[in-house]
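Open the model in a viewer and keep the selection tool at hand. The tour below goes from one selection to the next.

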Amino acid sequence: MNRLAHETSPYLLQHADNPVDWWPWSAEAFDEARRSNRPVLLSVGYSSCHWCHVMAHESFEDEATAAYLNEHFVSVKVDREERPDVDAVYMEAVQAATGQGGWPMTVFLTPDAEPFYFGTYFPPEPRHGMASFGQVLEGVATAWKDRRDEVAEVAGKITRDLAEREMSFGDSRVPGEEDLAGALLGLTRDYDAARGGFGGAPKFPPSMVIEFLLRHHARTGSEGALQMAVDTCERMARGGLYDQLGGGFARYSVDREWVVPHFEKMLYDNALLCRAYAHLWRATGSELARRVALETADFMVRELRTTEGGFASALDADSDDGSGRHVEGAYYVWTPAQLREALGEEDAALAAQYFGVTEEGTFEEGASVLQLPQQEGVFEAERIASVRERLLAARAGRPAPGRDDKVVAAWNGLAVAALAETGAYFGRPDLVEAAIGAADLLVRLHLDDRARLVRTSKDGRAGAHAGVLEDYADVAEGFLALTSVTGEGVWLEFAGFLLDHVLAQFTDAESGALYDTAADAERLIRRPQDPTDNATPSGWSAAAGALLSYSAQTGAEPHRTAAERALGVVKALGPRAPRFIGWGLAVAEALLDGPREVAVVGGTDDPDTTALRRAALLGTTPGTVVAVGEPGSDELPLLAGRPLVDGRPAAYVCRNFACDAPTTDPDRLRAALNGRNT
């Protein structure tokens, strides 16, 4: 009997009708493996994973394969986005054993959850030197039956090796000027000066590295750091990675030139990039950055917001191409003939030139991914706007990609921060309201009366799995951004609840190291712990940033101490692997700058208060926190003892226990928050 029908994960629900007798990850599944004396097949994937769908169709929907699985294995299906702890532990084992990883992840376990054989995608027939899935199953079943002692020995050794991989994260000192300069040098070596971005194909959007580069420029004046950020953002926004019609970014580019994306759209990428482009506009005034930030924010609200006010996890890469086939990118790509059908001959020729659509195509089967190639000549803005509008309307008639409606706490926290700041910068109160709506959902549905977070929800129903470190840290980050934007102390209070839980449940009291799971969470074969930033900020880096901001807002010394201790890992990894600790480096920049604390005191309806508040929010000094409120307000700690100046709204700027004289002049405030830290 397939047991996935009552799960909240869309990925698990996609497998609810498989002939495989799937179990969700549970103690009962491993009890059944012990009772029946069978090994466990652990299959890990996620809803918008292309090759997960391929393997499901080829193998898990196949009656013969399912019958063999049901006879010889207990099959467990896991959504990596719902259980990042399970994914992390076994992915570490896969990478240690094979030198690579990815999804779908296929791991064979003993009934005690110890891994003994690994892989990712397996084809239905032998292919390119790969064994077929059937051959793998037969080989594992035979080994389990005939060589049990050998299997147990291998599983025990792998488990012991994982347990002994306790990481050492440098020293307890915080990163300094030399460490961050060394990280910048390392990034310069990896930088693709011709195309923007870092490294070769596949090329991922380096949103957290961009945040570091912008903060480093703001603190030091480094023009090289700013130029890398500007050029990378422009190349991404002009390439196929960015949806030139509907806004929003795909997961990554399969090539170095940002032309052909892997078409899935993830909430976390778009939240992080929306914020990065908003910060780029704040630093440079770039019109392109402004447009992309707003279009990406609008994409999230339009296409990812759920009925309950949260944000869905992803849109699939694949969709129906109109013939019943599910094809990657079908929703987004265009042929010249399709342009002519939508626009007519004359405007189709214009669109082909403007968006780089060719007869040969830049993708598959003569289709092209829309781009904005650099070219000479001037295009009429109104005509281009009309073309874009008509193409978007035509695209809306195509079968849309599937949506993973699962609400992930951490990624919604990132979206709250991005939408709150973007709305504030560009005078879009609707975006701030969308951020508040998602934050309300997180409080209402994901947070219990002991300030413990649930990782996911769907359709207004909370999932069963506990939040991990990134959930607590990213949700706190979102609440802290709302604090600065709205001046409402309730968001600071909720952030405090979450961060107190981080200190109590996720932090090693002796070393200050952070774990990805709480001390009282389900015990796996290893307690996961990873400080590196990958597709999202690691829980470790995100916690350091939120703890630092919270301490700046409140003066809470334990939180600042915890942030400083956590940043020791940046000192260790920053100069050696800067691409993989971008958010940690950005937080370290904030620590070196203070960060600045700005209290704006004045009547909420007073235009002078509004002008000071805007100047404060647009300050580029790294990690600046802002408190806004009426004189005498006890809403936020930074407002305490801050009177008006000569009866006028005023701003107070403090850093490292020293404060500037208050000012009533937005220009002076702006200068104070855009100056270098000397």
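Two stops follow, a pair of helices and then a group of strands. This is a predicted model, in which local features need pLDDT of at least 70 and side-chain atom pairs count only at pLDDT 80 or more, while totals for chains, interfaces and linings use all residues. Residues are numbered from 1 along each chain as its sequence is written, and side-chain values use heavy atoms, with hydrogens and water left out.

**Stop one: the helices**

Select residues 469–486, helix α18, and residues 539–554, helix α20. Helices (H or I, at least four residues) and strands (E, at least two) are DSSP runs, numbered from the N terminus. The axes of α18 and α20 lie 8 Å apart, and the helices pack at an angle of about 35 degrees. Axes are lines fitted to C-alpha atoms, for helices over the stretch in contact, and angles run from 0 to 180 degrees between N-to-C directions.

Now show the side chains. Residues of α18 that meet α20 include Leu469, Ala473, Leu480 and Ser484; on the α20 side, Trp540, Ala543 and Tyr550 are among them. Contact here means heavy atoms within 4.5 Å.

**Stop two: the strands**

Select residues 650–655, strand β18. Five of its six residues are buried (under 20% relative accessible area, 1.4 Å probe, protein chains only), so β18 is largely enclosed by the rest of the structure.

Add β16, residues 597–601: five bridges join β16 to β18, and the two run antiparallel. Val601 has Ala650 of β18 as its bridge partner. Strands pair if DSSP finds at least two bridges between them.

Finally, add β19, residues 658–659, joined antiparallel to β18 by two bridges. Arg655 stands opposite Ala658 in β19. The hairpin of β18 and β19 has two residues between the strands, and Asn656 in the turn has a positive phi of about 50 degrees.

Note on methods. Buried < 20%, exposed > 50% of the residue type's maximum accessible area, 1.4 Å probe, protein only.
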